[in-house]
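User: Could you take a close look at one part of this model for me, the nonpolar patch on its surface, and then set that part in the context of the whole chain?

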Amino acid sequence: MAHWPNARQWLFSLKAFVAAMLALYIALYFGLPRPHWAMATVYFVANPLTGATRSKAAYRVAGTVLGAAAAVITVPQLVNMPIVLTGAIGLWIVLLVYLSLLQRSPRSYVFLLAAYTLPIVALPTVMHPADIFDVAVSRVEEIVIGIVCASLVGAIVFPARVAPALRARAQQWLDDANAWARDIAAGNPGAGGG
């Protein structure tokens, strides 16, 4: 059964929307070629907890820069060998997704972002390899605009700290365990299960 969003969820949605519109406005103002990347980035990095947004944002920037740099290096070297270029892109994706799966921390996001940034930047420029640097720079600019907007709005507009969220979650677990223990003691172990 679906529940109506609570006030905290409405606030998070509103903050993400405001940050996305701000990112879109800034990208359009500066005439960036793909302003939707800036807007979409806000939704990719948005998190109800302020610290998580900043952490995810930093890793996203690092992964985007790494993937864009790899595209700038790869495309000019292999553009005249399309099969080799396709193989190199595929190998890059496989290797970095594998590394992201090995990394059991939020840093895995760097590898994941680098894995899919290279093809996003490289493939549209295959017919015009001279544009690779401009496309890579604009991708990084648009991603950074989205990240900065998400981080600023998240930090300024009713920032949500991790500690209260953890306390609330722990209290919910304790309440559930208490109800379960009462049900077991009363001889009704299936009542509190859910």
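Analyst: Happy to. The patch is formed by V144, V148, L152, I156, V157 and F158, and its area is about 550 Å². A patch here takes residues with over 30% relative accessible area and no salt bridge, joining like charges within 9 Å and nonpolar side chains (Val, Leu, Ile, Met, Phe, Trp, Tyr) within 5 Å. A salt bridge, in turn, is a side-chain nitrogen of Lys or Arg within 4 Å of a carboxyl oxygen of Asp or Glu. The areas come from the Shrake-Rupley method with a 1.4 Å probe, and for residues only the protein chains shown count as cover.

Before going on, a word on the source: this is a predicted model, where local features need pLDDT of at least 70 and side-chain atom pairs count only at pLDDT 80 or more, while totals for chains, interfaces and linings use all residues. Residues are numbered from 1 along each chain as its sequence is written, and side-chain values use heavy atoms, with hydrogens and water left out.

One member of the patch, I156, belongs to helix 6 (residues 132-156). Helices (H or I, at least four residues) and strands (E, at least two) are DSSP runs numbered from the N terminus. I156 counts as exposed because its relative accessible area is 63%; the classes are buried under 20%, exposed over 50% and partly exposed in between, with a 1.4 Å probe and protein chains only.

For contrast, look at W37 in helix 2 (residues 35-45). W37 is classed as buried because its relative accessible area is 13%. Beyond its neighbours within four places in sequence, W37 touches I120, R139, E142 and I143, where contact means heavy atoms within 4.5 Å. W37 and I143 lie 106 residues apart in sequence, yet their C-alpha atoms are 6.4 Å apart.

Two further residues help with orientation. I93 sits in helix 4 and is partly exposed, at 30% relative accessibility. Outside its neighbours within four places, I93 is in contact with A115 and P119. D175, in helix 7 (residues 162-185), is also partly exposed, with a relative accessible area of 38%. D175 and A130 are 45 residues apart in sequence but 62 Å apart in space, C-alpha to C-alpha.

Now the whole chain. The protein has seven helices and zero strands. Its C-alpha trace spans about 75 × 35 × 30 Å along the principal axes. The radius of gyration is 22 Å, whereas a compact globule of 194 residues would be near 16 Å; this value is taken over C-alpha atoms, and the globule rule is 2.2 Å times the number of residues to the power 0.38. Of the 194 residues, 31% are buried. Among contacts with a separation of 6 or more, 67% join residues 24 or more positions apart. The exposed area is about 11,900 Å², and carbon and sulfur atoms supply 70% of it.

Finally, confidence: the mean pLDDT is 87, with 90% of residues at 70 or more, pLDDT being the predictor's confidence in each residue, from 0 to 100. Confidence is highest in helix 4 (residues 82-102), at a mean of 95, and lowest in helix 7, at 78.
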